[in-house]
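Let's go through this structure together and ask, term by term, what earns each description. Have the sequence and the coordinates open as we go.

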Amino acid sequence: MSDKPSVRLRQTLDAVPSYKPGKPAPPREDLVTYKISSNENPYPPLPSVLKVVQETAGAMNRYPDMAVRELTEAIAHRWGVTPEEVATGTGSVGVLGSLLQITCEPGDEVVYAWRSFEAYPIVVALAGAESVRVPLDADFRHDLAGMAAAVTDRTRLVIVCSPNNPTGPSVTDGELREFLGRVPSDVLVVLDEAYLEFVTATDAPDAMAVYRDFPNVCVLRTFSKAYGLAGLRLGYCIARPQVADALRKAAVPFGVTQLAQEAGIASIAAEAELTERVDALVDERTRVLAGLREQGWRVPDSQANFVWLPLGDDAVPFAAAADAAGLIVRPFDGDGVRCSIGETEANDRLLEVCREWRETHPG
C-alpha cells in the first residue's frame, strides 16, 4: 500500500511560503540565553490580568462567547467607535486572513511594501490572490508613492504596516493622507498597527482620525505586543460596519477563547500599568539605537519594540554569531536581522555582539 496521498489539494499551496517563527533560546550551562527573535513583551503578565485568566480557566469546558460582546464593547469604548465597527479574531494576522477572504477573489491583487510582515505573502496566497510587493526605500521605509502607482483595477486590498515589521520606521501622517487620496475609494486600505503603542514620532499618523476621514480605511491591531498576550492570540479590526460585519461572518466560530476575551478586557482596564512597561521598553530601544550608531551601524529609526540591522548577505552569519553568544535573533536571509528589545541584560548582550561583529567585519 502506497503512503503517497491520492487526494487533490489546492494548487495555490505550491506558491505559499512557510512562516518561520523565531527560534526559542535553548538553555545552556555556561550562560543565560535570551530570545529576542519574536518581538515578544519580555515582561510577565500583569497580576490583575493573570488573576482574571486563572479564574476564567475554571470554565474552559464551556464554549466562549462567540459574539465576543464584552471585549468588543471595551474596545469600542476605548477608541470612541461603536461596537458595530469592531471585529475580533485570533491575533491581528487571523483578522487579516479574514480581510483577505472578504475582499479577494482568485487573481485579485494585494499591494504591500516589502520587506514587511512575513505573514503577508502567506495569507494573500492562501486567499488565491496575487501579491504586489513594492520595495522599501533607501531608508527602509514604505515607498507610498510607489505603492499608489502599483494600484490597478485588480487591486482589492492595500496593506500599510506602520511601524513596519521588520525594519521599524512608521509612515508620517502627511504622506499617508496623500497616499490615501490616490487610492480608489472602493479599495480597502489596512493600517496594520501591531506596534502602535511603541510609537513616539510626533509626525506619525493618528489612525483613528485617518479612519474617520477615509471610509475605505480599516485599522488592524493586536494584544500580542504591548499588552503581552501573544500566547492567547487576540487581535481586532476597526472598520466601517459593512466591513466589520463581513469579518464576523468570515471568522472561525468560537475562535477567540474566553481566556483571551477576559484577558483583553482586563488589559484595557490596566492600560496605565502597561504604559509604564511600554515606556521602559521605549527607553531601552533609544539606548540600543544610540549604542549601535556609536558603533558605526546604519540603523533606521525604529518606532517599534525591535531594531533592524541591514546586514544583507551577512544576516545568517550574524545570527549564528549571536546564537553562539546565547542570543537568538531573527535573520532574513539577504536582507537583515531583526532584534527585539528585551530584558536589559539581553539588550546589553546584543550591543556586545554587534560591537564584536563590527570589529571583525569592518566596512
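Q: What makes β7 and β8 a pair of strands in this predicted model?
A: Two strands pair if there are at least two bridges between them, and four bridges join β7 (residues 217–222) to β8, with the strands running antiparallel. Therefore they count as paired. One of the contacts is easy to find: leucine 220 has cysteine 237 in β8 as its bridge partner.

Q: How do you know that β2 pairs with β8?
A: The test again asks for at least two bridges, and four bridges join strand β2 (residues 86–89) to β8, so the two strands pair, running antiparallel. Valine 86 stands opposite isoleucine 238 in β8, and glycine 89 has glycine 235 as its bridge partner there.

Q: Why is β2 called an edge strand, and which other strand shares that label?
A: The sheet is open and holds seven strands in the order β2-β8-β7-β6-β5-β3-β4, with mixed pairing. β2 and β4 (130–135) each pair on one side only, and these are the edge strands. Direction ignored, neighbouring strands of this sheet are turned by 25° against each other on average.

Q: Which way do the residues of β8 point, and are they buried or exposed?
A: In a regular strand the side chains alternate between the two faces of the sheet. In β8 (residues 235–238), Gly235 and Cys237 point one way, while Tyr236 and Ile238 point the other way, and all are buried. Helix α8 (residues 241–250) lies across β2, β6 and β8, running at about 25° to β2.

Q: What makes β9 and β11 the edges of their sheet?
A: That open sheet has three strands in the order β9-β12-β11, with antiparallel pairing. β9 (306–309) and β11 (330–332) each have a single partner strand, so one side of each is left without a neighbour in the sheet. Neighbouring strands here are turned by 20° against each other on average, direction ignored. Between β9 and β12 (residues 336–340) there are four bridges, and valine 307 stands opposite cysteine 339 in β12.

Q: Why is the pair of tyrosine 195 and phenylalanine 306 called edge-to-face?
A: A pair of aromatic rings is described by the distance of the centres and the angle of the planes. Here the centres are 5.2 Å apart and the planes are at 85°. Centres within 6.5 Å make a pair and planes over 60 degrees apart make it edge-to-face, so this pair qualifies on both counts. The two residues are 111 residues apart in the chain: tyrosine 195 is in the loop between β6 (188–192) and α7 (207–213), and phenylalanine 306 is in strand β9.

Q: How do you know that tyrosine 195 and phenylalanine 306 are buried?
A: Buried means under 20% relative accessible area. Tyrosine 195 has 3% relative accessibility, so it counts as buried, and phenylalanine 306, at 0%, therefore counts as buried too.

Q: Why is α10 called roughly parallel to α12?
A: Helix α10 (residues 271–294) and helix α12 (residues 344–360) pack at an angle of about 10°, with their axes 10 Å apart. Angles under 35 degrees count as roughly parallel, which means the label fits α10 and α12. Among the residues that meet are Arg287 and Leu292 in α10, and Asp348 and Leu351 in α12. The contact divides into five nonpolar, three polar and three charged residues.

Notes. Residues are numbered from 1 along each chain as its sequence is written. This is a predicted model: local features need pLDDT of at least 70, side-chain atom pairs count only at pLDDT 80 or more; totals for chains, interfaces and linings use all residues. Side-chain values use heavy atoms; hydrogens and water are left out. Axes are lines fitted to C-alpha atoms, for helices over the stretch in contact, and angles run from 0 to 180 degrees between N-to-C directions. Angles under 35 degrees count as roughly parallel, over 145 as roughly antiparallel, 65 to 115 as roughly perpendicular and the rest as oblique. Contact means heavy atoms within 4.5 Å. Ala, Val, Leu, Ile, Met, Phe, Trp, Tyr, Cys and Pro count as nonpolar, Asp, Glu, Lys and Arg as charged, and the others, Gly among them, as polar. Rings of Phe, Tyr and Trp (its six-membered ring) pair if their centres lie within 6.5 Å; planes under 30 degrees apart count as stacked, over 60 as edge-to-face and the rest as tilted. Buried means under 20% relative accessible area, exposed over 50%, partly exposed in between (1.4 Å probe, protein chains only).
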